[in-house]
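User: Could you walk me through this one, please? I would like to ask about a few spots and then change topic as I go.

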2 protein chains.
Amino acid sequence: MQGELSSATIDEQETFTEDELHNGYRLACQAYPQSDVIIDVPPESLTTPQRLQLEGQQADIPVEPAIRIIPLEIPIPSITDLRSDFTRLKDAIGTTISQVEIEYPLLTSASPLLRDANWNIKAIFNQNKLISILPNQPPAVIAGLAVDVGTTKVAAYLVNLENGDTLAQAGMMNPQIAFGEDVISRISYAIAHPEDGETSGRKILQERIVEGLNKLIQTMLEDFHQKNTQHVEIVDAVVVGNTAMHHLFGGFPVQQLGMAPYVPAVSEAVNVPAREIGLQITKGGLVYLPPNIAGYVGADHVAMLLATLFQYRKELAYSNKTVVALDIGTNTEISLLHNRQIYSCSTASGPAFEGAHIQFGMRAAPGAIERVQISKDGQIHYKTIADQPPVGICGSGILDVIAEMYYANILDEKGMILNHHPRVRKTERLPEFILATEDQTGHHQAVVITRRDINEIQLAKGAIRAGIEILLKEANIQTQDIDEFIVAGAFGTYIDIRNAMRIGMFPTLPAEKVHQVGNAAGTGARYMLLSQFYRDLASRVANEIHYVELSNHPKFTEEFSKSLFFPKKDLP
Amino acid sequence: MQGELSSATIDEQETFTEDELHNGYRLACQAYPQSDVIIDVPPESLTTPQRLQLEGQQADIPVEPAIRIIPLEIPIPSITDLRSDFTRLKDAIGTTISQVEIEYPLLTSASPLLRDANWNIKAIFNQNKLISILPNQPPAVIAGLAVDVGTTKVAAYLVNLENGDTLAQAGMMNPQIAFGEDVISRISYAIAHPEDGETSGRKILQERIVEGLNKLIQTMLEDFHQKNTQHVEIVDAVVVGNTAMHHLFGGFPVQQLGMAPYVPAVSEAVNVPAREIGLQITKGGLVYLPPNIAGYVGADHVAMLLATLFQYRKELAYSNKTVVALDIGTNTEISLLHNRQIYSCSTASGPAFEGAHIQFGMRAAPGAIERVQISKDGQIHYKTIADQPPVGICGSGILDVIAEMYYANILDEKGMILNHHPRVRKTERLPEFILATEDQTGHHQAVVITRRDINEIQLAKGAIRAGIEILLKEANIQTQDIDEFIVAGAFGTYIDIRNAMRIGMFPTLPAEKVHQVGNAAGTGARYMLLSQFYRDLASRVANEIHYVELSNHPKFTEEFSKSLFFPKKDLP
């Protein structure tokens, strides 16, 4: 908090520590500004009320992780058996693992671990690398961590690596939000605070997300231990995210993501030692980061494709179907599978569906209008999150209201607000539509939809539709050739698909072809945690994808312009 | 410094910083004790005057290091070439390196490095691991570091990895001396200060040696830059030492080295990331630690064997000769090559040859008597280091004086001092021999040899000889079968071989069979730095060696008892 404020009240003094007060922590309900002030809302204050998308489609896949658990009873050193601790460990492993390598923390800790366990251990390998030694008794739960780091939200899953059970799950806001709401502003922060010892912007952003994940790990372990006293050893982690989140988590440079031609530092799958990052899993643990496809199509999209396009088989098995799969966000990643070839692109759909740039836009928090209907008699019905009095409108609500306004002839096909409806009021500038009146809302201001709001949504939905159309053209097919249309991600879960079609964001398709699959990236991350097969598949998919760069695509401008308007009203 | 002392003088106040004074730093020439005091002599105060053994036998070997230097001109990213930085780097490398892996520091730094170098680089690989990226222009000297970490002394070499030239060399006292003069006392220190966050004894000992090496690196770079302005990038390091020094440098547990049956934590060759240890070489650099053979036969002995037993060939080529090679120290490691089999042992020869447990014993510093002759007329001749007035006697001197006393009939074969010589004086206990009189010495006390001193040397030389005899027995051969007898190490360089034979420390052999080779461990370390072949050879040798444990050997006590006495006087 910067600027002049009223002094801290007794309540505030009781709420905060001296350090916190000194650092400018205040209660929004107690402090009065006495000048212009800059307010930072700490991420932990944002976390609780916001709806997080944790659930993804569940699917049973065989448990055959990259991690191998090898129980061993090792002969004790004696005057007639003077082998070194590692030689006797390796000899006990025999041919089970070839070309054994040892992660450094095991070199520094194995000797006492072996003796404390009385040489009766489980050796944990990540491929051929020894990453952990656990006593055989009492047996620990051997677990892995799957994480989907979104620009806004983070979802984490604690998974039993021996039977595939999800032991706990937890979500949070991405703590990097304090440094910028979107990818670009975080890259800018990193560029503006270049490498300079320990204080670079990149390092700070990395520390924040890692600290956050370490807290999530603690939360999940506490949850698990409410019902179970077994020690849990987290021996593996898979972290997915868009390319920028992937890079900032891994500590990789992002400058080149912020300037044309926007290439990733690394697109190959990498295993990063957890200790290099500070992620608190087993000492020698490695964090698997799946491949990225391009600067704006990241490992999270690969994970989503794994969870949606493939059925588990012992070989790379592209479906014969023609499938569109997309995840709507500030950048919307879209893939088209056709004729065993995947075409992918990223389209700049902007933050309007997250409530930004919309006058009464807000995130999916209590009081947000999330559903809207305008009945034939012109009556307006809406539903808010947690049934609170409305204070704003979130992404699914704004999509609804625009589709309903259009079908109720309050909007024309260009997005102009027409004057037919009693809820349309004139302003000094352009007319606006009153969605909730002053006496209905929580803050006693009318929640309105402006021409500018509608324009923002037109730009967003136009970008998404143009991306889909370009991919269809690349594959030389038509809308009717699509067998399945998969909408992944938090926003995609909550939207009314029919309304998305009515405004032309999606092509018009029979309802049975469309599937809303929830956090498919998180599901894909769990697949890669539980199955080496899916890691191999991820690398093949990322290699074989035909990436379509829209920014210099000859047809993009034409498709985008066409997609800005609303289509013919041919839906019920 | 602990205890009551006189206040700091003006000289001391001028010599030390306030911090140093606060930490108890004092000048020995200025401070007077006013109670019992404990004095720590900082290693830097020990360093300068002591003789260090840097030179080893030089030998030309082909330069074919583990490090590979690959010059690359990489296509610049563009809108039509969106490959990630690493994909384009890998593509440029092509099939030159298969299964490229990337050390973490390169993942976090390569993107700006590539751009700063305008994509015109040298990629440095350690086997298949990318460890460094250097700009092609201006060209840097690509160097490696070879280090022999002795319990007492450390020798380091900076070597050009492209042509094999030694660019600089430097030595120091092992800074761990402050924590104990010998291996056992340092292991005890580590055991007495167990793991407890950042302050464990093991971590402190590791930090001290690494800090010392980092200073040596700086010294060598400064030396080099006196004549040359080229940037030097140190991309590789080989560190050898006895098993305890190896473990303490690597950060490996040493508790099990301190209790029976004294097994190493690790005996295999390992590559440890330099950043894990804190060694200041290139960011992604790996430190190669050669294999150990046993708890008291370490990587330094392997290195010595590489430098002495093998000629360079494209395959493991044991000589047909029968060779004994040994390095005398507190523990003396001895190897016997016979019939293409190496037998090795370690024998507890004690610190007498380093001047410990000898009444006027001292290290090889100025004023130490290092050579002694007693002429036929009974006259005593000696030589001191730096020709200073004598103040004590170092290892080579005590070996000489005992051999000369024996051959002058001042000692009998059991080591009793006889009363024939004017320099033998009676004391309350046993008679002692006056090597330098009060008026000859620097401190105006006579330098004498006591019965107890002689006994210490008998124990030491007996242990060494017994080790040699046991190995001969294991190979079922006799002294006369020995074709070569190689004496390595600093002490071995300075001793009079004939005197070593006269007292029976070595078997009697023709002079032409005996070679004093200097710091062969350092030479072996340089071989492993310059040649992957020697690394492979090290692992094969360590695997194939027949290690003989003396502590439970049925013949050891008998051989040791026999070897305590002096042999027949059959040498000139």
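User: Is R202(B) buried or exposed?

Analyst: R202(B) counts as buried, because its relative accessible area is 9%, where buried means under 20% relative accessible area, exposed means over 50% and partly exposed lies in between (1.4 Å probe, protein chains only). Please keep in mind that this is a predicted model, in which local features need pLDDT of at least 70 and side-chain atom pairs count only at pLDDT 80 or more, while totals for chains, interfaces and linings use all residues. Residues are numbered from 1 along each chain as its sequence is written, chains are lettered from A and ligands numbered from 1 in the order in which they are written, and side-chain values use heavy atoms, with hydrogens and water left out.

User: Where does R202(B) sit, and what is R202(B) in contact with?

Analyst: R202(B) is placed in helix α8 of chain B; helices (H or I, at least four residues) and strands (E, at least two) are DSSP runs, numbered from the N terminus. Once neighbours within four places in sequence are set aside, R202(B) is in contact (heavy atoms within 4.5 Å) with T108(A), A190(B), H193(B), E195(B), G251(B), F252(B) and P253(B). In addition, a polar atom of the R202(B) side chain lies 2.4 Å from the backbone oxygen of G251(B).

User: And S200(B), where is that found?

Analyst: S200(B) is in the loop between α7 (183-192) and α8 (201-225) of chain B, and S200(B) counts as buried because its relative accessibility is 0%. Not counting residues up to four places away in sequence, S200(B) touches H193(B), P194(B) and E195(B).

User: Switching to the two chains: how many residues does each give to the contact?

Analyst: Chain A gives 44 residues and chain B gives 43 residues. Between them the chains bury about 3,300 Å², 60% of it on carbon and sulfur atoms, and buried area here is the accessible area (1.4 Å probe) that two parts lose on being put together, summed over both. On the chain A side, L82(A), Y104(A) and L107(A) lose the most area to chain B, together 19% of what that side buries.

User: How many salt bridges cross over?

Analyst: The rule finds two salt bridges across the interface of chain A and chain B, a salt bridge being a side-chain nitrogen of Lys or Arg within 4 Å of a carboxyl oxygen of Asp or Glu. In a salt bridge, the side chains of R275(B) and E276(A) meet at 2.7 Å, N to O.

User: Which element of chain A gives the most to that side?

Analyst: The elements giving two or more residues to the side of chain A that touches chain B are α4 (85-93), α5 (104-116), α7 (201-225), β9 (270-273) and α9 (274-277) of chain A, and α5(A) gives the most, with seven residues.

User: How sure is the predictor about all this?

Analyst: The complex is given an ipTM of 0.87 and a pTM of 0.88 by the predictor. Chain A has a mean pLDDT of 91, and 94% of its residues reach 70 or more, pLDDT being the predictor's confidence in each residue, from 0 to 100. Over residues 46-53 of chain A, however, the pLDDT is below 50, and this stretch has 26 contacts in the model beyond near neighbours in sequence.

User: What about α10 in chain A, how many of its residues are buried?

Analyst: Helix α10 (residues 299-309) of chain A is mostly covered, with eleven of its eleven residues buried, among them D300(A), H301(A) and T308(A).

User: Any odd backbone spots?

Analyst: A cis peptide bond joins Q137(A) and P138(A), with omega of about -10°, and P138(A) lies in the loop between β4 (129-135) and β5 (141-149) of chain A. Another cis peptide bond joins A260(A) and P261(A), with omega of about 0°, and P261(A) lies in the loop between α8 (243-250) and β9 of chain A. In chain B, Q99(B) is not a glycine, yet Q99(B) has a positive phi of about 55°.

User: Is Q99(B) buried or exposed?

Analyst: Q99(B) is exposed, with a relative accessible area of 69%, and Q99(B) is found in the loop between α4 (85-93) and β2 (101-102) of chain B.

Notes: A polar contact is a pair of N or O atoms within 3.5 Å; within protein, one must be able to donate a hydrogen and the other to accept it, and residues adjacent in sequence count only if both atoms are side-chain atoms.
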